[in-house]
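These notebook entries record what I looked up in the structure shown below. I worked through strands, ligand, helix and domains in turn.

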Amino acid sequence: MGILEVKGVNKRFGGLQALGDVNLSIKENTVHAIIGPNGAGKSTLLNCLVGKLIPDSGSVMFDGQSVLGRKPHEINQMGISRVFQTPEIFTDLSVIENVMIPCFAKRDGAFRLHAVEAVASEKDIVEQAEQMLADVNMLDKRNMHAGSMSRGDKRRLEMAMCLVQNPKLLLLDEPTAGMARADTNNTIDLLKEIKEKRDITMAIIEHDMHVVFSLAERITVLAQGTPLVEETPENIKGHPKVREAYLGE
Ligand code: ADP
Ligand code: MG
């Protein structure tokens, strides 16, 4: 059983079947890429995993529990974090303040659940945020204005904001879209470092095959809302069904 088990998921937008009978199993501690032509349903699938969309039918199990019917913040507390296509950071705040925000949110969430032992002091939170920045090699940028950083650094900061919540599953929707090659390579290195340092599962939607082949252990090809193939990177190259999906774009 995978940490994430998607079974028979369907999602329609009016007359358009965006997802048709999607089955997907992601093994714990692996990097699993989801690729496919534009409009294949990749983002829709991701939105169904984080509670932003509700499938019309099917099941989504994470770590043995159903995510369906839960609100996005509840799913986040279950251990799923998402990185957006455009970095979602607080541009008016400093780098460290950005990392502290999810720590406070998590602390206050834990407080509401009466998990008193989980309540951290502000000093603990500063230390936690500094440790996180060190982990993503950004401690030297601690006091920088987040809005004035490069796109690559904004992505790195956003990653830190996700990781400081200790997610079990990190979802990335085209994390290198619009990036220059150097920033793309930095992102690949960063994700590899993160993978080496902690137990984490990653599901990554990506157009850039260089990124996919650098990171993924399994690849699912989605076309017209349905998974066509699931394979290792070696076996996906030149796969006739994959060529068909892209040529039909
Ligand atoms: P991908 O991420 O693979 O490019 P999407 O999941 O964004 O594809 O979209 C899949 C299909 O669903 C597309 O045809 C898209 O136009 C349609 N779609 C996505 N979101 C909505 C929505 N909120 N309302 C109507 N149609 C949508
Ligand atoms: Mg998309």
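I count two strands as paired if DSSP finds at least two bridges between them. The model I examined is a predicted one.

**Entry 1. Strand E1 and its partners**

I began with strand E1, residues 4-13, and asked which strands it is bridged to. Strand E2, residues 16-26, runs antiparallel to E1 and is joined to it by 7 bridges. Strand E4, residues 57-62, is also antiparallel to E1, with 5 bridges between them.

I then looked up individual bridge partners. Valine 9 is matched with valine 22 in E2, and asparagine 10 with serine 57 in E4. The connection between E1 and E2 is a hairpin with 2 residues between the strands. In that turn, I noted that glycine 14 has a positive phi of about 60°.

**Entry 2. Surroundings of ligand 1**

Which residues surround ligand 1? I listed Phe13, Leu16, Ala18, Gly36, Asn38, Gly39, Ala40, Gly41, Lys42, Ser43 and Thr44. By class, this shell has 4 nonpolar, 6 polar and 1 charged residues.

I next assigned the shell to its elements. E2 and helix H1, residues 42-49, each contribute at least two residues. H1 provides the largest share, 3 residues.

**Entry 3. Helix H1**

Having met H1 at the ligand, I checked how far the helix is covered. Of its 8 residues, 6 are buried, and H1 is thus recorded as mostly covered. The buried ones are Lys42, Thr44, Leu45, Asn47, Cys48 and Leu49. Lys42 and Thr44 also appear in the list of residues around ligand 1.

I also looked up what H1 lies across: strand E3 (31-35), E6, E7, strand E8 (201-205) and strand E9 (218-223). Its direction is at about 150° to E7. Just after H1, glycine 51 takes a positive phi of about 85°.

**Entry 4. The six-stranded sheet**

In what order do the strands of the open sheet of 6 strands stand? I read the order as E6-E7-E8-E3-E9-E10, with mixed pairing. The edges are strand E6 (80-83) and strand E10 (226-231); each has a single partner strand, so one side of each is left without a neighbour in the sheet. Direction ignored, neighbouring strands of this sheet are turned by 20° against each other on average.

I followed the pairings from the E6 edge. E6 and strand E7, residues 169-173, are parallel, with 4 bridges. Arginine 82 is placed opposite leucine 171 in E7. Further along, E3 and E9 are parallel as well, over 4 bridges, and histidine 32 stands opposite arginine 218 in E9.

At the other edge, E9 and E10 are antiparallel, with 5 bridges. Here leucine 222 has proline 227 in E10 as its bridge partner. These strands form a hairpin with 2 residues between them, in which glutamine 224 has a positive phi near 50°.

**Entry 5. Burial of E9**

Why is E9 described as largely enclosed by the rest of the structure? The reason I recorded is that 6 of the 6 residues of E9 are buried. The cut-off I applied for buried is 20 or more other C-beta atoms within 10 Å of the residue's own. I then separated the two faces: Arg218, Thr220 and Leu222 lie on one side, and Ile219, Val221 and Ala223 on the other, with both sides covered.

**Entry 6. The two domains**

The domain assignment gives domain 1 as 1-79 + 168-249 and domain 2 as 91-166. Taken over C-alpha atoms, their centres are 25 Å apart. I found 10 residues of domain 1 in contact with 10 residues of domain 2. On the domain 1 side of this contact, helix H6, residues 181-197, gives the most, with 6 residues. That side has 5 nonpolar, 3 polar and 2 charged residues.

**Entry 7. Lysine 197**

I closed with lysine 197, which lies in H6. Is lysine 197 buried or exposed? It counts as exposed because it has 11 C-beta neighbours inside 10 Å, and the cut-off for exposed is 12 or fewer. I also looked up its separation from aspartate 135: the two are 62 residues apart along the chain, with 8.6 Å between their C-alpha atoms.

Methods
Residues are numbered from 1 along each chain as its sequence is written. Chains are lettered from A and ligands numbered from 1 in the order in which they are written. This is a predicted model: local features need pLDDT of at least 70, side-chain atom pairs count only at pLDDT 80 or more; totals for chains, interfaces and linings use all residues. A residue is near a molecule or strand if its C-beta atom, placed from the backbone, lies within 6 Å of it. Ala, Val, Leu, Ile, Met, Phe, Trp, Tyr, Cys and Pro count as nonpolar, Asp, Glu, Lys and Arg as charged, and the others, Gly among them, as polar. Axes are lines fitted to C-alpha atoms, for helices over the stretch in contact, and angles run from 0 to 180 degrees between N-to-C directions. Two residues are in contact if their C-beta atoms, placed from the backbone, lie within 7 Å. Domain bounds come from an automatic or database domain assignment.
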